[in-house]
Structure formats: C-alpha cells, structure tokens
Amino acid sequence: MYVAHERRAYILRLLEQRGSIRSSELARELGVTDETVRTDLAAMQRQGLLRRVHGGAKYIPPTGGAEDGARLDCQLADLVAEHFFKDTATQDVYLDDAAFALVLLTRHPQLPCRVFTANPAVLHALSPARFTQEVFLLGSRLDRESGFLEAGAEAVMAQLKPGLALLCPPAMPSAHHAAYRHRLHATWAKQASAHAARTLVIGPAAILAPNPEADFPAALHRHSLVTEENIPRAYSGIPRLTVPYIDPAELGRGDRFNY
C-alpha cells in the first residue's frame, strides 16, 4: 500500500509520461478508493503540479519562470543547480527520475551537464529541442515492471565516473539506504552512487521517515540530502541542503500551495 507522498510521486511520474490520466485508472493502479485519488489530485493541484479536469487530471510542467518558485520540486531543483553547478565546466550527471529531470532543466536550461540514465522516461522528458544537454541511455532490455533498462553497463558507469548521481527514491528508511519498489531501480542507484563523485538524494522530508513496506534498499555512498528542513533526527549527521518546510496545518483552504 502506498502512503500519501508515494502515491503523489507516482501520480506525478505518470502524468509527466502520459500528459493526462483518468481518476478511475489511478484508483485501479494504486489500489485505493476514488475518494483517495480525488484528495491526492486536489492537493497536487494546490501545489501547481496538475490541473484537474472532468474525470481526471492533466500535468502542468514548470515554465522556468518565477511563478514556479513556490513549488517544492522547483525549490529543490534550484538548490541543486545553485550549489553543484558553480562553474561552467560540463560535468556528467546520472539522473534516475524523469519528473525531476524535467523540472531541473526547465528551470535551468543552460545547466552545463551531460545526462546519463537507465530510465527511458528521462530521455522522453528531455527530448524537446529547447534543452541543450546531451542525454545518454545506459543498459539493454527494458524491464516493463520497473520501467528501467536492465543493468548491464556497470563497466561503463565505472569508466564514466559521473560527477553527480541525482537520485529521487520513494523512501529512505535509514541514513545510508534508499528504498525502491523494484530491484532493478535499486541496482542502478547503487551502481551510480558507488561510481559518482557525489550522490544527492532529492525529495520531500517525508521520504526520510521509516517505511517498513519499502523493498530493495540500496546503500548510498558519499551522499547528501536535498530536502525540507524538518528532517528526522536520525539524518542530522548527513550533509544536506534544505528549503523551508511548510506545515499543511498552517495553510488555509484558499492557499494555492500545500506541501
């Protein structure tokens, strides 16, 4: 069973890939009620991540403008761009999440990097001509369940030695492990982290809460957190960059954004 932040991350990934989706399909895929899906879509609409339409929702990608600045995904992307791309030298980056890849490069289209991934959705997200970065797929046969290419290019990763591995796991149940629902995704994350000069784990503070249902932990090395400032005490010793946390209880019904 998905918890709320996992459901919404999953919905965001589906919308980024498909453009739109029906509520009934989401309820069926997630194994939840229609009311739960409506609650999720309403919260995500307040975040500016989607537009609700009759029977479902449509994805709203970031525009790169200042009006996106209150979105949590945009704030996290801005931190990564500001602190880890300080010079003009092009660096190789491993990226496992299509939604974050799209936000990062929409906000910072001239970011000096080459993108490597095992997730074909990243290639799809970054295919428009407005992005100047080169994008490379690593792997072979597509695993349809996980959506990732089979791990088979560890030698390439070892030779590549990316400067950054940007990982967006659905959960991080301990200070040194990220949890993924598919073993293939976890394998890629582990390899990327092992060979990259630095690993960034990116996501809301909710992913740092213990999640006993999450499977396939991947050990992370030389990693930092890019998250909200209300991190659990267990993670306080990890290098991190944070954005202010906004408590949903403090927001009124009329507020647009709800984290």
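## Working through the sheets, a helix pair and the pockets

One open sheet here has three strands in the order S10-S11-S13, paired antiparallel. This is a predicted model, where local features need pLDDT of at least 70 and side-chain atom pairs count only at pLDDT 80 or more, while totals for chains, interfaces and linings use all residues. Residues are numbered from 1 along each chain as its sequence is written, and side-chain values use heavy atoms, with hydrogens and water left out.

**Exercise 1. Work out which strands stand at the edges of the sheet S10-S11-S13, and how its strands pair.**

Step 1: get the terms straight. Strands (E, at least two residues) and helices (H or I, at least four) are DSSP runs, numbered from the N terminus. Two strands pair if DSSP finds at least two bridges between them.

Step 2: find the edges. S10 (171–174) and S13 (217–219) each have a single partner strand, so one side of each is left without a neighbour in the sheet.

Step 3: follow the pairs. S10 and S11 are antiparallel over two bridges, and a hairpin through two residues joins them. Ser174 has His177 in S11 as its bridge partner. S11 (residues 177–179) also pairs with S13, antiparallel over three bridges, and here His177 is bridged to Ala219.

Step 4: add the twist. From one strand to the next it averages 35 degrees; angles run from 0 to 180 degrees between N-to-C directions, with axes being lines fitted to C-alpha atoms, for helices over the stretch in contact.

**Exercise 2. Describe the sheet of seven strands and find which helices pack on it.**

Step 1: write the order. This open sheet runs S6-S5-S4-S9-S12-S14-S15, with parallel pairing. Strand S6 (135–137) and strand S15 (240–243) are at the edges with a single partner strand each, so each has one side without a neighbour in the sheet.

Step 2: check one pair. S4 (residues 91–95) and S9 (residues 164–167) are parallel over three bridges, with Tyr94 opposite Ala165 in S9.

Step 3: add the helices. H5 touches S4, S5 (113–117), S9 and S12 (198–202), and its direction makes about 145 degrees with that of S4. H8 (residues 183–195) touches S4, S9 and S12, at about 150 degrees to the direction of S9. Contact means heavy atoms within 4.5 Å.

**Exercise 3. Describe how H4 and H5 meet.**

Step 1: take the axes. They come within 9 Å and cross at roughly 65 degrees.

Step 2: name the residues. H4 brings a set including Leu76, Ala77 and Val80, and H5 a set including Phe100, Val103 and Leu104.

Step 3: sort them by class. The contact of H4 with H5 has eight nonpolar, no polar and three charged residues; Ala, Val, Leu, Ile, Met, Phe, Trp, Tyr, Cys and Pro count as nonpolar, Asp, Glu, Lys and Arg as charged, and the others, Gly among them, as polar.

**Exercise 4. Find which residues lie nearest the centre of the largest pocket, and which helix gives the most to its lining.**

Step 1: define it. On a 1 Å grid over the protein atoms alone, a pocket is an open set of points where a 1.4 Å probe fits, with protein on both sides within 12 Å along at least five of seven lines; lining residues have an atom within 4 Å of a point.

Step 2: list the lining. It has 34 residues, with His5, Ala9, Gln47, Leu72 and Pro204 nearest the centre.

Step 3: pick the helix. H1 gives the most, with seven residues.
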